[in-house]
Amino acid sequence: MYSVQNPYVAVVAWLLVAMSLLLLCVFTAGCNADVDKSHEGNAGGATVQMRSPPKTSRHLPSEIPQLPSAQVPARKSEADTALPPPSTEALARADKLVAFANAASLALASGKYAQTDVLAAYTEYYLAEWQLAKHPRVDNEADALLARRLKPPTGLFSVEQEKQLAVFVKAMDKAIADMRSAYRSLEAYVKDTSIRDDGVRGRQLGERILGAHAAYIAARDGWIHIVETASGPAEELLLRDHPLRRQIQAASRIFAVHRRVTQVLALPQPDMGELARLQEDLEAGIEEGGKPPFRAKPSVERTYRHFLREASSYKEAIARGIAEGFHGDVREEMNRAALSCRTSYNEFVRVANE
């Protein structure tokens with residue numbers, strides 16, 4: 001989106017820096033979570049040698065796209081012309097709301113929040129193969145900083161909404177603590193080769209981890225729903241006079257599909273029908289963004305067209321997953337496509353602001 005100081009200058013620096021952090025988290029499956037190959041796994045009395053788990057990391061979550069600067073005078077629609085111009089106070093509040101949503105989105109894709117999907121993926125692999133990776137590194141100081149980024153500035157939401165957001169954050173933190181505790185217990189169980197219980201305790205702990213993960217997803221989605229319900233109209237307000245309004249809204253739709261696909265694939269049994277519908281939504285967003293006219297310089301349009309091509313690659317990865325199943329190779333393909341999609345959008349923003 002854009003800054004309060006200048007409503008047509010995109011704030012992209014933090015997102016570009018975050019790319020390397022998110023890439024590290026996704027492709028190393030959770031912040032330096034190495035596999036300890038020296039331990040033997042407890043598989044109901046059978047002894048198996050530890051090895052690296054398959055490439056099953058969840059694909060990259062997406063932030064809200066940034067707003068590029070205006071390159072040509074805006075052309076208002078009839079509906080926009082009929083509306084009174086927003087007040088300075090309304091624009092400032094909308095800007096703060098969208099900035100908070102952007103920062104919170106990055107927080108939810110980082111650190112302890114990103115580790116939830118990693119632990120769930122490791123657990124699912126353990127329940128299938130009786131092999132367990134080491135717990136990702138925990139940074140309590142970084143965790144505390146991330147949690148503070150989910151607390152909105154006073155006045156952006158109603159008192160009741162602030163209470164609901166706080167309840168969801170508390171529920172997320174409890175679920176994360178439960179996952180970590182159960183995973184540590186599972187690690188101890190795996191190392192103790194003296195236990196002979198046909199894997200009963202391992203399955204119990206695995207189900208406890210996945211249950212806590214489901215609770216985390218529910219709390220996170222409830223939190224996101226409140227924030228997106230408020231930030232959506234704020235984004236509309238900020239975009240009212242922007243010459244690339246349609247293209248930016250199409251990008252928002254594309255990244256919204258990224259987020260929803262992430263949520264669906266985090267479930268134990270992903271709904272293929274829902275994924276097919278999301279693929280159609282993604283295709284519609286790509287088509288909408290590609291329609292003429294493009295009210296900016298040719299150099300800006302070229303970068304946006306490149307972004308749409310990367311979005312098409314992500315769509316093709318979804319189609320492959322629906323056809324073949326979302327195995328490790330497909331998920332890595334989705335990771336790469338999602339990363340390229342966001343990187344190309346950042347390049348579009350950069351060129352648009354030159």
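This is a short tour of the structure, stop by stop, with something to select at each one.

**The whole chain**

Keep in mind as you go that you are looking at a predicted model. Colour by secondary structure to begin with: there are eleven helices and two strands. Reading from the N terminus, the order is α-β-β-α-α-α-α-α-α-α-α-α-α, so start at that end if you want to find the strands. Now colour by accessibility. The protein has 354 residues, and buried ones make up 50% of them. If you switch on contacts, take those between residues at least 6 apart in sequence: 81% of them join residues at least 24 apart.

**Helix 3 against helix 7**

Next, select residues 88-108, which are helix 3, together with residues 200-239, which are helix 7. Two packed helices are described by the angle between their axes and the distance between those axes. Here the axes come within 8 Å and cross at roughly 150°. The crossing is left-handed. Show side chains to see who makes the contact: from helix 3, the residues include Leu91, Ala94, Val98 and Phe100, and from helix 7 they include Tyr216, Trp223, Ile224 and Val227. Colour the contact by residue type and you get 17 nonpolar residues, one polar and three charged. Asp95 of helix 3 takes part, as do Arg220 and Glu235 of helix 7.

**Helix 4**

Move on to residues 111-129, helix 4. Put a distance between its end C-alpha atoms and you should read 27 Å, which agrees with the 27 Å expected for 19 residues at 1.5 Å a residue. Then show the surroundings: 14 of its 19 residues are buried, so the helix is largely enclosed by the rest of the structure. Before leaving, click on tryptophan 130, which follows helix 4 and has a positive phi, near 60°.

**Salt bridges, one at a time**

A search of the whole structure turns up 17 salt bridges. Three of them are worth a close look.

Start in helix 6, residues 159-191. Select glutamate 187 and arginine 184, whose side chains meet in a salt bridge at 3.2 Å, N to O. The two sit three residues apart in this helix, so about one helical turn separates them. Which partner is buried? Glutamate 187 is, with a relative accessible area of 12%, while arginine 184 is partly exposed at 41%.

Helix 11, residues 328-352, holds another pair: arginine 336 and glutamate 332, four residues apart, or about one turn of the helix. Their side chains form a salt bridge at 3.5 Å, N to O. Arginine 336 is partly exposed, at 44% relative accessibility, and glutamate 332 is buried, at 17%.

**From helix 8 to helix 9**

For the last stop, select glutamate 274 and arginine 260, which meet in a salt bridge at 3.3 Å, N to O. This pair links distant parts of the chain: glutamate 274 belongs to helix 9 (residues 272-290) and arginine 260 to helix 8 (residues 245-265), 14 residues apart. Glutamate 274 counts as buried, with 17% relative accessibility; arginine 260 is partly exposed, at 31%. Now add Arg277 and Asp281 to the selection. What links these two residues with Arg260 and Glu274? The four are joined in a network of salt bridges.

Methods: Residues numbered from 1 in each chain as written. Predicted model: local features only at pLDDT ≥ 70, side-chain atom pairs only at ≥ 80, totals over all residues. Heavy atoms only, no water. Buried < 20%, exposed > 50% of the residue type's maximum accessible area, 1.4 Å probe, protein only. Expected span 1.5 Å × (residues − 1). Axes fitted to C-alpha atoms, helices over the stretch in contact; angles between N-to-C directions. Left-handed = near helix turned anticlockwise from the far one by under 90°. Contact = heavy atoms within 4.5 Å. Nonpolar A, V, L, I, M, F, W, Y, C, P; charged D, E, K, R; others polar.
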